[in-house]
Amino acid sequence: MVAVNIGARISTCLCILWLCVSGCAMERPDGRVADRDGGILDVTVDGFSPMDGEPLGDLENASGVWMLLMQDRICVLSGVGDPVDNVIWTRFLVQVEETGETPILRQKVRLCEQTLSPLPFDFVTVVPERLTRGLPELDVSGFLVNRELGGDYITEPFIDLWGAEGIGLDDPMPMSADDERVVDQDGDGEPGVSLTVTAADGSPICDVQVVQRTRIQFNGQVVSARRIEGDVDVLSAKTVLAASSPLCGGGEIASNRGRTFFKLVRVDGQYESPTADADGDGVIDCSDIRRNFSNIESVYGLELDVPDVNNCLAPAEEQSP
Ligand SMILES: [Ca+2]
Ligand SMILES: [Ca+2]
């Protein structure tokens, strides 16, 4: 039974991979790859790293502990003034296990930290540790077609579900706290999960209870023995169950044509990578990632985009070259 499921999964994912390799990407003369949205994935392998002198061999063995930085973005319409390019940075802990002589990687993925650029009025959504602590670890298969630099990496799509249980991608979202699928996942006594919205100076404006479903799939290339990066496909839905102020309950969301990406970097000391074990207990967990992610991003030169209102001002089709 298990073998059947895995086999079906492999063939599905290899099919997706084939579709993407043949249909979604086109090779450019400079060696970079244009993704299906016309953006550029930088897969240049020479001189990419601020860590000079590192041995940049092929990715012989991916087993170990990695941190994945994902940049996603939406446009938030406040009803007055310009829309806002709301950039969302998520850090995942990814424990990778090779499965022998196959392209399949077993991956245990845990969301550790999420930070967001400002909303309209310079309000900021804060994702508290209480929320991320309540999220489950997810099993997500990865596929590494070959181990050479530039080799394709793709994951199966997975669902990051906040404040509810048993909601598939095609299921309708709960519309109220009365829906029996809504759970108090962060254990604060309120349905769903609670986010805090603060002013620019950090003073709280209001709390909002939500259910949020995000479908995520990564699709990139091997850059070195300790780095894989590429694009991310994200599809989000959110229901606001309650808000302590109308200021936090509304806000229309629109698609955003700014850059999104993922960067998967080794953080276990192997292949001369930094170690994320901030407390030195020999285990790398989300508390280490929360304490260390800005250091890791600095060591690897992972730069976060600055919000740009132009990503939300004009229809995407007008921006094509
Ligand atoms: Ca709750
Ligand atoms: Ca530790």
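Start by selecting Thr125 in this predicted model; its bridge partner in β11 is Val197. Now show the two strands in full: β7 (residues 124-126) and β11 (residues 193-198) run antiparallel to each other, with three bridges between them.

Keep β11 on screen and add β12. These two strands also pair in the antiparallel sense, over six bridges. To see one such position, pick Thr196, which stands opposite Asp207 in β12. Then go to the turn. The hairpin of β11 and β12 has five residues between the strands, and one residue to click is Gly202, where phi is positive, near 95°.

Zoom out to the whole chain. The protein chain has five helices and 15 strands. Of its 321 residues, 34% count as buried. Among contacts between residues at least 6 apart in sequence, 65% join residues at least 24 apart.

Next, the interior. The largest nonpolar core has 39 residues, and the members that touch the most others are Trp66, Met67, Leu68, Phe92, Val94, Phe262 and Val267. Colour the elements that each supply at least two residues of this core, including β4 (64-77), β5 (84-98), β15 (261-266) and α4 (286-299). The largest share, six residues, comes from β4.

Which residues does Met67 touch, leaving out those up to four places away in sequence? Select Arg91, Leu93, Val265, Val267, Ala276, Ile289, Phe293 and Ile296 to display them.

For the last stop, select Leu161, Val211, Leu241 and Cys248. They are among the 14 residues of a second core, separate from the largest one.

How values were computed
Residues are numbered from 1 along each chain as its sequence is written. Chains are lettered from A and ligands numbered from 1 in the order in which they are written. This is a predicted model: local features need pLDDT of at least 70, side-chain atom pairs count only at pLDDT 80 or more; totals for chains, interfaces and linings use all residues. A nonpolar core is a set of buried Ala, Val, Leu, Ile, Met, Phe, Trp, Tyr and Cys residues joined through C-beta atoms within 7 Å. A residue is buried if 20 or more other C-beta atoms lie within 10 Å of its own, exposed if 12 or fewer, and partly exposed in between; C-beta atoms are placed from the backbone. Helices (H or I, at least four residues) and strands (E, at least two) are DSSP runs, numbered from the N terminus. Two residues are in contact if their C-beta atoms, placed from the backbone, lie within 7 Å. Two strands pair if DSSP finds at least two bridges between them.
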